[in-house]
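This report covers the surroundings of a bound ligand and the packing of one helix. The sequence and structure come before the details.

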Amino acid sequence: MKKHDLNPESLMMTYGYKPELSEGAIKCPIFQTSTFVFKTAEEGKTFFELAYGLREKSPKEELGLIYSRINNPNLEILENRLCLWDKAEDCAVFESGMSAISTVLLEFLTPGDVLVYSNPLYGGTDHFIKHFLTKIGVHTVGVMPGQSVDEVIKMIEDSGKADRLAMIYLETPANPTNTIVDIEKYSLIAKKYSTEQRKTLLAVDNTYMGPLWQHPLQCGADLVLYSATKYIGGHSDLIAGAVLGNAELMVRVKTLRTFLGNMISPHTAWLLLRSLETLKVRMDQQTQNAQVIVDFLNNHPKIKKVYYLGLLKEGTETYETYKKQCSAPGAMVSFDIIGGEKEAFMFLNNLQLIKLAVSLGSTESLAEHPKTMTHAGVEEQQRQQMNITDQLVRISIGVEHSKDLILDLEQALEKVNIAVTMER
Ligand SMILES: *Cc1c(COP(=O)(O)O)cnc(C)c1O
């Protein structure tokens with residue numbers, strides 16, 4: 001069998017691990033070690049020459065193990081396996097999604113540069129861009145959902161610093177309303193502003209759909225970022241992040257990671273190796289469940305509107321974008337309940353099987369109220385524009401039996417006593 005014939009899910013149990021290097025153990029052990037013993041001083045010298053870029057790597061040479069802030073087998077095997085899903089050249093894993101995101105932004109942006117970003121963004125990313133990057137002199141331009149390419153180009157031109165456009169940063173579909181952004185269109189904007197000396201990079205946070213249902217690198221993105229806390233980890237038991245891209249960009253990301261020291265721990269990497277073995281079956285089940293649940297919610301008299309990619313109308317621009325870049329509608333569902341905060345809270349407080357918690361992508365279903373929880377820090381006017389209102393509830397669908405989930409939703413909605421007639 002040739003390697004490239006195999007699908008990623010077939011390789012998640014074995015790829016990149018050599019049992020003969022670990023006493024024949026079928027599973028990769030946890031390399032819970034800070035440092036590695038060199039056979040000779042000469043060997044240590046050659047490893048460091050490579051680690052510090054003092055000489056070129058010879059064709060078959062791999063970086064020898066030095067110190068767990070620089071490299072460690074659990075991290076390397078995890079990175080190699082993550083590359084398979086996105087067909088990426090290289091990957092770097094981090095201690096959190098936020099450390100992956102902030103490291104990329106810090107590495108590729110310098111004071112005076114322009115950053116264009118899509119709204120809404122994950123709250124932590126939004127905070128880092130608005131409160132930290134602006135403080136170090138990065139000029140930021142936020143794009144609202146639905147703005148056309150021409151409008152975006154006008155905003156870039158109006159900034160008066162179009163020649164300093166260093167990065168476009170997207171999140172699609174965006175949290176919490178599943179707003180979709182056309183990655184390919186933005187890759188053309190990035191191309192338009194790239195020069196011989198400096199490429200304008202396109203980075204995409206793919207946490208909501210990845211690494212199974214959307215592959216931004218294949219749509220023209222240069223970097224793809226993940227909170228591995230979500231689908232990749234998938235069991236609500238760890239915090240981690242990842243960045244993937246071509247070798248040239250990833251050397252820079254990994255070098256900054258070495259000096260910030262925000263790499264993942266061997267134990268967390270090992271947990272993620274275990275998670276990856278079931279990634280495909282988990283995510284398949286989650287999206288299957290979500291589609292059944294959306295059907296139920298969409299026909300419920302106490303629900304005004306459901307936001308889900310599977311409900312996009314054929315013939316619309318967003319539908320075309322969805323068809324082009326996603327292979328499934330995902331497992332994140334939001335909806336407006338009739339009423340306001342009181343009714344939304346009544347619903348949330350009455351859920352039994354579905355847990356009231358933030359985060360997403362896990363085996364258990366989770367529900368939350370974006371306006372007062374995950375998006376509490378976003379300006380009210382912006383929240384209004386993005387439909388993040390008192391009525392909005394967000395659910396992450398897990399792997400439970402869909403009938404049980406529907407029963408839970410049904411009984412919780414029953415307990416919401418509202419004058420249903422007025423609004424619908
Ligand atoms: C959770 C999340 C993050 C942040 O990841 P952490 O692992 O919590 O640091 C970033 N982006 C998105 C879309 C997320 O959902």
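In this predicted model, helix α4 (residues 97–108) contributes three residues to the shell around the ligand, the most of any element. By class, that shell holds six nonpolar, five polar and three charged residues. There are 14 residues around the ligand, and M98, D205, S227, T229 and K230 are the ones that come nearest.

Three side chains make polar contacts with the ligand, as listed here.

| Residue (polar side-chain atom) | Ligand atom | Distance |
|---|---|---|
| D205 | nitrogen | 2.7 Å |
| T229 | oxygen | 2.6 Å |
| K230 | oxygen | 2.7 Å |

On its own, the ligand has 380 Å² of accessible area, and the protein covers 93% of this.

The second topic is helix α7. In α7 (residues 183–192), the buried residues are I183, Y186, S187, I189 and A190. Viewed down the axis of α7, these buried residues fall within an arc of 155 degrees, so they line one face of the helix. An α-helix has 3.6 residues a turn, so residues three or four places apart point the same way. The exposed residues L188 and K191 sit on the face of α7 turned away from its buried side.

What do the buried residues of α7 pack against? Their partners are the strands β3 (139–143), β4 (165–171) and β5 (201–205), together with the helices α6 (149–158) and α11 (317–325).

At the N-terminal end of α7, D182 acts as the cap: one of its side-chain oxygens lies 3.1 Å from the backbone nitrogen of E184.

Technical notes:
Residues numbered from 1 in each chain as written. Predicted model: local features only at pLDDT ≥ 70, side-chain atom pairs only at ≥ 80, totals over all residues. Heavy atoms only, no water. Buried < 20%, exposed > 50% of the residue type's maximum accessible area, 1.4 Å probe, protein only. Helix = DSSP H or I, 4+ residues; strand = E, 2+ residues; numbered from the N terminus. Arc of directions from axis to C-beta. Contact = heavy atoms within 4.5 Å. Polar contact = N/O pair within 3.5 Å; in protein donor to acceptor, adjacent residues only side chain to side chain. Near = heavy atom within 4 Å. Areas by Shrake-Rupley, 256 points an atom, 1.4 Å probe, with all protein chains shown as cover. Nonpolar A, V, L, I, M, F, W, Y, C, P; charged D, E, K, R; others polar.
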